[in-house]
Amino acid sequence: MVLPIGNGATPSHLRPRWAGTRNRRRDSRAYHQWAQRDLLRACLQCVADTYQRALPLAVVMPGRTPQATQSRYAVHLPNPMPDLRERLARHGVASTVMFDRPWFDYPTLAVHQGEEDWGEVRDLLVRTLSLPFHPSLSTADCMTVADALKNCLLAEDLER
């Protein structure tokens, strides 16, 4: 028997029986992963749209496009509110800050401190709050988060 050389063809009697099945399984898995990714993106877009409609325009970041890998929805507070996370927690809403400590505050980067004024960056980081952003959040959950944030912002304005 002479085997073809250089063209990559394998005679059928030398090809494993499962080769076709394996490719179909791999292709099917890849298709379902892409379908799942699209479903996640659609769910995240629904959560983002609900936040966009429910939150005050002053805190919403314009032009936000959710990605399937993101787990946070950031809002910009009108002024620094150090106790806002605790206030939201009292309403049953978990939140976080994007960066507790800015990258330029680390001792390793101390040589670069003082070269520029980082006041604006610090202010931005203090005023940026991350809200829950997960595909399993329902519209009612998003509205609860938005209402709690609005109540906390209103209470802050009344205290001023």
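**Getting to know this fold**

Colleague: Let's start with one residue: is Phe 133 buried or exposed?
Modeller: We go by relative accessible area: under 20% is buried, over 50% exposed and anything in between partly exposed, with a 1.4 Å probe and protein chains only. Phe 133 has 2% relative accessibility, so it counts as buried.

Colleague: What is the mean pLDDT of the protein chain?
Modeller: This is a predicted model, where local features need pLDDT of at least 70, side-chain atom pairs count only at pLDDT 80 or more, and totals for chains, interfaces and linings use all residues. Residues are numbered from 1 along each chain as its sequence is written, and side-chain values use heavy atoms, leaving out hydrogens and water. pLDDT is the predictor's confidence in each residue, from 0 to 100. In the protein chain 69% of residues reach 70 or more, and the mean is 75.

Colleague: Which element has the highest mean pLDDT?
Modeller: Where pLDDT is low, the predicted coordinates shouldn't be read in detail. Strand E2 (residues 96-97) has the lowest mean among the elements, at 75. The highest, 88, belongs to helix H2.

Colleague: What pattern does the protein chain follow along the sequence?
Modeller: Helices (H or I, at least four residues) and strands (E, at least two) are DSSP runs, numbered from the N terminus. The protein chain has four helices and three strands. Read along the sequence, they give α-β-α-β-α-β-α.

Colleague: Which residue forms an aromatic pair with Tyr 51?
Modeller: Rings of Phe, Tyr and Trp (its six-membered ring) pair if their centres lie within 6.5 Å; planes under 30 degrees apart are stacked, over 60 edge-to-face and the rest tilted. The count here comes to two aromatic pairs. In one of them, tilted at 4.9 Å centre to centre and 40° between the planes, Tyr 51 meets Tyr 73. The partners sit 22 residues apart, Tyr 51 in helix H1 (residues 19-54) and, in strand E1 (residues 72-76), Tyr 73.

Colleague: And which residue in a loop pairs with Tyr 73?
Modeller: Tyr 73 is itself buried, at 0% relative accessible area. Tyr 73 and Phe 133 form a tilted pair, with 5.7 Å between centres and 45° between planes. Tyr 73 lies in strand E1, while the loop between strand E3 (128-132) and helix H4 (139-159) holds its partner, so the pair ties together parts 60 residues apart in sequence: the partner is Phe 133.

Colleague: How many disulfides are there?
Modeller: A disulfide is a pair of cysteine sulfur atoms within 2.5 Å. Searching the whole structure finds none. Take Cys 142: the nearest cysteine sulfur, that of Cys 46, is 7.1 Å away. The count is zero.

Colleague: Which residues does Leu 153 touch?
Modeller: Leu 153 lies in helix H4 and counts as buried at 9% relative accessibility. A contact means heavy atoms within 4.5 Å. Not counting residues up to four places away in sequence, Leu 153 touches Pro 56, Val 59, Leu 77, Pro 78 and Met 81.

Colleague: What share of the accessible surface belongs to carbon and sulfur atoms?
Modeller: Buried residues make up 26% of the 160 residues in the protein chain. Accessible areas come from the Shrake-Rupley method with a 1.4 Å probe; for residues, only the protein chains shown count as cover. The surface comes to about 11,200 Å², and the carbon and sulfur share is 55%.
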